[in-house]
Every structure is written in structure tokens, then in C-alpha cells.
Amino acid sequence: MTPKAPNPIDLALFGAGRMGREVEAVALERGHRIALRLDRASNPDGAGITPEALGDARVAIDFTTGGSVLPNVRAAAAAGIGVVVGTTGWDADREAVETAVRQAGTGLLHAPNFSLGMLLFMRIVDEAARLVDGVGGYDVHLWEAHHRHKADHPGGTARRLAESLVARLGGKRSWDASLPPGEPVDPETLQVAVLRAGEIPGTHAVGVEGPDDRIEIRHEARSRRGFARGAVLAAEWLAGRSGVFTLDDLLEDDMTTRGRDE
Ligand code: NAD
């Protein structure tokens, strides 16, 4: 059971699918109220997001589809409320989304993965890449697996990991999730392998292949609960803040505050 939030707030939920339902359950456990709940039918092109419909909602949480993020954030910004975006697959709209938020003076916190364990994993992978790069002679790859309903391949977390690995590994210039037909892979391209099957909540593994041994670093989500918990904590943190943030900002702030209190 999730502990109660110190300051319960009214929330708006954009998306009522697998993640939206999980977020609602966690939000209610923490004592928050759901002022508005929108799905595809009640919110075409962000039309359901109006000041009247939002009522006393202070923050919205978006788990919809990549193409819905820009209209949803624009409508929420126009209504003066911040949005936590967990939806993936909207990279092409990122600049427009951030501009809408900055111009309105509202808040945005986005993360392709709200699991705190994934945040640790990303930091461990960054450090591993630095060490591997120093030693040399190892070939690194990335593997990710998700349930068969997922729309983006590779997912947003895998893209983030791939970009971070390419930036840190001297031997890799780019990443690719496809294989060149009829020819061997380019050793300077980081291979990203994608699996979609059953109901896998989300697995990411970084493989480090050497001539004599191999290392694997792996993160496995056990359920969607961890993502939902992170998104609700992010909404609590974003209430009353303006600007564009990621989960890193929340954690840095949390660690600094804790350090001060101790
Ligand atoms: P889903 O298909 O189960 O649910 C999507 C929901 O969005 C549906 O209820 C649909 O009606 C609704 N929707 C579509 N367009 C909408 C609109 N314009 N306004 C309001 N609602 C709309 O999908 P899901 O498994 O819940 O995943 C949703 C998104 O979250 C995906 O992009 C997925 O990759 C991402 N995701 C992120 C994390 C994370 O931690 N950041 C974790 C899991 C999933």
C-alpha cells in the first residue's frame, strides 16, 4: 500500500488505459482527488481540456499516445496547469511542447520511464559505458522487451539509453534497431534489439560482449505500479512549479532536501 501524500491535490488524468488506470489507483491511495479523467473519445485533439472541465485540478498526468501529447499540453498550458507526461513517442514535438509550456509559464515534467529503479539503472549504465570505453575490446549492445500492445519500437527508454551509450562509447557512432539485409552489421553502430510479446511490463538489458567473457546489466519492471508511483510523486512535486523538468530534477531536489534535513 502506498503511504498518503502530505498535501493531497486535485489531479486531471489524460488517458484511461493500462497506465491511466494504474495511476488513478496510486493517486487515490495517496489521498488525491481525480477532478477529470479523459480518454480518446472525450478528448479529440485536446478539446476536453478546458478550465471548466479541469475544475480545481492543479496538475494533469498524461499517459496517452505520442500524437496526443502536443494538443494536450497546449490545452493544459492555456488553462494554466502543469502536466506530467509519461507518454512516449513524441520526440518530434518536443520543441513545440516545451515552447507552449514556457510561454504559458506553467510546468512540465516528462520521463519515458517513471520507475526509480530505471533511473538508477540509467546511471549505472552511464558509469559502465565510461569504464568499458576505458578498457576497450568489448562490444556493447542494448536489448529491450515490452508487451505486444506497445506502439513505439524501440521504446522511449531504449532510445534514451542508446543515445547515452553512443555519447559515451568511443567505438560507436550511432545506434540502429534494424539489421542491414544481406550484410554484416557495422561495428561502429550500437545494435538495439527489440522484442514485443505477451504482457511484459518492460525489460532493458545492456550487454557487454568480450572475446572471453560477457557482462549483462539488466532492469526488469515487475508491474506498471512502479511507473504509476513515480508519475504521481512527480505530479505532487510539479504542483506550484513552472518550467520544464525531467525525473532527474525531482530526484536531485529530493536528495538535496534530504541532505539539508539530516
Ligand atoms: P493504453 O493504450 O493502454 O492507453 C492509452 C490511453 O490513452 C487510452 O485510454 C486512450 O483512450 C487514451 N487516449 C488516446 N488519445 C487520447 C487523447 N487525445 N486524450 C486523452 N486520452 C487519450 O497505453 P498505456 O499502456 O497506458 O501507455 C500509454 C503511454 O505511456 C504509451 O506511450 C507508453 O509507451 C507510455 N508508458 C510510459 C511509461 C513511463 O514510465 N513513462 C510506462 C508505461 C507506459
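**Exercise 1. Work out which backbone atoms make polar contacts with the ligand in this predicted model, and how much of the ligand the protein covers.**

Step 1. Start with A16: one of its backbone N or O atoms lies 3.1 Å from an oxygen atom of the ligand.

Step 2. Turn to G17, where a polar backbone atom is 3.0 Å from an oxygen atom of the ligand.

Step 3. At G86, a polar backbone atom is 2.9 Å from a nitrogen atom of the ligand.

Step 4. Compare with the cut-off: a polar contact is a pair of N or O atoms within 3.5 Å, so the pairs at A16, G17 and G86 qualify.

Step 5. On its own the ligand has 860 Å² of accessible area, and the protein covers 85% of this.

**Exercise 2. Describe the shell around the ligand and the site that holds the ligand.**

Step 1. The ligand is surrounded by 24 residues. The closest are R18, M19, N43, T88 and F114.

Step 2. Sorted by class, the shell has eleven polar, eight nonpolar and five charged residues.

Step 3. The site is the largest pocket.

**Exercise 3. Characterise the largest cavity by volume, lining and contributing elements.**

Step 1. The structure has one cavity of 30 Å³ or more. The largest cavity holds about 40 Å³ of space.

Step 2. Its lining consists of V125, A128, A129, V132, V140, L165, L169, V206, V208 and I217.

Step 3. Assign classes: ten of the lining residues are nonpolar, with no polar and no charged residues.

Step 4. Assign elements: helix 5 (116-135) and strand 9 (203-209) each supply at least two lining residues. Helix 5 contributes the most, with four residues.

Key
Residues numbered from 1 in each chain as written. Predicted model: local features only at pLDDT ≥ 70, side-chain atom pairs only at ≥ 80, totals over all residues. Heavy atoms only, no water. Near = heavy atom within 4 Å. Polar contact = N/O pair within 3.5 Å; in protein donor to acceptor, adjacent residues only side chain to side chain. Areas by Shrake-Rupley, 256 points an atom, 1.4 Å probe, with all protein chains shown as cover. 1 Å grid on protein atoms, 1.4 Å probe; cavity = no way out; pocket = protein on both sides within 12 Å on 5 of 7 lines; lining within 4 Å. Sits in = over half its atoms within 2 Å of the grid points. Nonpolar A, V, L, I, M, F, W, Y, C, P; charged D, E, K, R; others polar. Points joined across faces, edges and corners; volume = space filled by probe spheres on them.
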